[in-house]
Amino acid sequence: MSGIDSRSAPHHPEHTVGEITVVELRGEIDIFTAPPLAARLDALTAAPHPDLVLDLRSTAFIDCTGLGVLCRARNRAEARYGRLRLVTDSAGFRRILRAVGLAGVFELHSSLSEALARTSEAVATS
């Protein structure tokens, strides 16, 4: 055993759809894995009008540190007149958001296609 926690180097694939950056969050988002994720999300929300979709469907676990990272990314995006959407089909995750008072804070979608379609609709109605 090497003693290195494999969770310390998470891989979160990214791609763009038009002007939108989609980040797939995988595995666990906790006190061990949050710092590199926070750094990446800070970079993605540094420019004016960031447009992010965070796909949480492959996330197995998120703790309060992970929720803090999501809140920071949302606040940074909104402060720069951008948008952050979360994709989750997890009733458990939605229940956690309700329990900690964050249910109405995030724009939640059940599928990636829904999040991207709603983005197109929002642009079309602007």
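In this predicted model, strands E3 and E4 pair in the parallel sense, and 5 bridges hold the count for this pairing. One residue pair helps to find the place on screen: Asp55 has Val87 in E4 as its bridge partner. To get from E3 to E4, the chain passes through helix H2, which spans residues 64–79, and this β-α-β crossover is right-handed.

A parallel pairing also links E3 to strand E2. Here 8 bridges join E2, residues 20–29, to E3, residues 51–62. A handy pair to look for is Thr21 and its bridge partner in E3, Leu52. Between E2 and E3 the chain travels through helix H1, residues 34–44, in a β-α-β crossover that is again right-handed. When following any such strand by eye, it helps to remember that side chains in a regular strand alternate between the two faces of the sheet.

Just beyond E4 comes a residue worth a closer look. Thr88 lies in the loop that connects strand E4, residues 83–87, with helix H3, residues 91–99. Is Thr88 buried or exposed? Its relative accessible area is 2%, and because buried means under 20%, Thr88 counts as buried.

The surroundings of Thr88 can be traced residue by residue. Leaving aside residues up to four places away in sequence, Thr88 touches Leu56 and Arg57, Phe93 and Arg94, and also Leu108, His109 and Ser110. Leu56 and Arg57 fall within the residue range of E3, while Phe93 and Arg94 fall within that of H3. Within its own loop, the side chain of Thr88 reaches the backbone nitrogen of Ser90 at 3.1 Å.

Conventions: Residues are numbered from 1 along each chain as its sequence is written. This is a predicted model: local features need pLDDT of at least 70, side-chain atom pairs count only at pLDDT 80 or more; totals for chains, interfaces and linings use all residues. Side-chain values use heavy atoms; hydrogens and water are left out. Helices (H or I, at least four residues) and strands (E, at least two) are DSSP runs, numbered from the N terminus. Buried means under 20% relative accessible area, exposed over 50%, partly exposed in between (1.4 Å probe, protein chains only). A polar contact is a pair of N or O atoms within 3.5 Å; within protein, one must be able to donate a hydrogen and the other to accept it, and residues adjacent in sequence count only if both atoms are side-chain atoms. Contact means heavy atoms within 4.5 Å. Two strands pair if DSSP finds at least two bridges between them. A crossover is right-handed if, with the strands pointing away from the viewer, the path from the first strand over the helix to the second runs clockwise.
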